[in-house]
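Here is a short note for a colleague opening this model for the first time. Please keep the sequence and the 3D view at hand while reading.

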Amino acid sequence: MPRPLAFLVLIIVLPLSVAAQVTVQEYPIPRGHRVHDVWADAAPDGPVWFSAQGSGHLGILDPKTGKVDFVPLGSGSSPHGVIGGADGAPWLTDGGQNAIVRVDPKTKAVKLWKLPQDTGYANLNTAIFDGKGVHWFTGQSGIYGRLDPASGDLKVFKAPKGRGPYGIHATPEGNVYYASLAGSFVGKINPDGSTTVLEPPTRGQGARRVWSDSKGAIWVAEWNSGNLSRYEPKSNKWSAWKAPGEGAQVYAVYVDETDKVWISEWASQTMMRFDPAAQKFESFKSSSAYANVRQIHGRKGEVWTPESAADKIVVYRYK
């Protein structure tokens, strides 16, 4: 196992005219691990987990010290997504091993649930837990699936329109929605495991990732169109806002505890925060020429981002 590493961190205070009372802190990660997704434990100052796609590890960052530990996930591992479970453990979607992976937070023991052999290569992407503690996951090859951690029962479903299932999230009520990048739709997973296809108004928009707000509305990062869109299940209403900048490409989306919406925009390599009430975007430029921020996550007063091109973890702290 690589030795734990600690680094000097960079703290940036943004001008108040640009982003009121937001500070930015950067944590460099050793090159070659290729940071992909990130998930912050809910506890203040708790660990921040990340998938090290390039080296096949779970990364664990201690925000207080900058210390980074790595847990090897197994031969051929190439994790894409990482999320935290109600059990306090990090769970990963591992495309290299074609498996769902859990790492014990205390012992660092690694447990795998391999996909059925007849599934083929799933190109596993992202996961979330529903309201009953069932683990749902996506695979860009054209599948999505469910794992019951209690029984170990694992089922795989073929997605509508084939290739494309990507980001996935659950509402406060526990309903699960996923985005299909290649299929350009948002899917709601029904109790029987089937998908109800929801079509955003912009054709071929390339829905990439989704996140629910506190009211159960689904926010969508549209890669092809450069839109941030919102679906309101109760009224079946869609709304869309064009991200600032020429040729915008919205990769990831996250909704914080105040229902502000954060997105990563790749054309300008910029993090943005959208205020639905004011209908305005704020922009936060990375110190990296190429950041390539993938999954965004956060906890109260903090938004965490993985800069996959720069091998950095970055936190935006706000009041």
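The points below take one sheet, then the pockets, then the cavities.

1. Start with the status of the model. It is predicted. Treat every value below as computed from that predicted model.

2. Take one sheet next. Four strands form an open sheet, in the order β11-β12-β13-β14. Their pairing is antiparallel. The edges are β11, residues 124-129, and β14, residues 154-158. Each of these edge strands pairs on one side only. From one strand to the next, the twist averages 20°. As background, strands of a sheet pair through backbone hydrogen bonds, either parallel or antiparallel.

3. Look closer at one pairing in that sheet. Strand β13 covers residues 143-147. How many bridges join β13 to β14? There are five, and the two strands run antiparallel. For a concrete pair, find Arg146: its bridge partner in β14 is Lys155.

4. Now the empty space. Rolling a probe the size of a water molecule over the atoms shows where such space is left. The largest pocket holds about 540 Å³. Its lining counts 32 residues. Which of them are closest to the centre? They are Trp39, Ile128, His169, Trp211 and His297.

5. Ask next which strands build that lining. At least two residues each come from β3 (35-40), β7 (79-84), β11, β15 (165-170), β19 (207-212), β23 (250-255) and β27 (297-299). β27 gives the most to the lining of the largest pocket, with three residues. By class, this lining has 13 nonpolar, 11 polar and eight charged residues.

6. The second largest pocket has a volume of about 350 Å³. Its lining has 18 residues. Nearest its centre lie Asp130, Lys132, Trp136, Asn190 and Pro191. Two or more lining residues come from β14 and from β17 (185-189). β14 is also an edge strand of the sheet in point 2. The class count here is six nonpolar, five polar and seven charged residues.

7. Turn to the enclosed spaces. How many cavities of 30 Å³ or more are there? The count comes to two. The largest cavity has a volume of about 70 Å³. It is lined by 13 residues. Gln269, Thr270, Met271, Ala291 and Val293 lie nearest its centre. Strands β24 (261-265) and β25 (270-275) each supply at least two residues of the lining. That lining divides into six nonpolar, five polar and two charged residues.

8. The second largest cavity has a volume of about 60 Å³. Among the residues that line it are Asp37, Trp39, Thr126, Ala127, Ile128, Trp211 and Gln295. β3, β7, β11, β15 and β19 each supply at least two residues of the lining. The largest share, three residues, comes from β11. The classes are eight nonpolar, three polar and one charged.

9. Finally, connect the second largest cavity with the largest pocket. Trp39, Ile128 and Trp211 line this cavity. Those residues also appear among the ones closest to the centre of the largest pocket. Strand β11 is worth following in the viewer. It is an edge strand of the open sheet. It supplies at least two residues of the lining of the largest pocket. It also gives the largest share of the lining of the second largest cavity.

Methods
Residues numbered from 1 in each chain as written. Predicted model: local features only at pLDDT ≥ 70, side-chain atom pairs only at ≥ 80, totals over all residues. Heavy atoms only, no water. Pairing = 2+ DSSP bridges. Axes fitted to C-alpha atoms, helices over the stretch in contact; angles between N-to-C directions. 1 Å grid on protein atoms, 1.4 Å probe; cavity = no way out; pocket = protein on both sides within 12 Å on 5 of 7 lines; lining within 4 Å. Points joined across faces, edges and corners; volume = space filled by probe spheres on them. Nonpolar A, V, L, I, M, F, W, Y, C, P; charged D, E, K, R; others polar.
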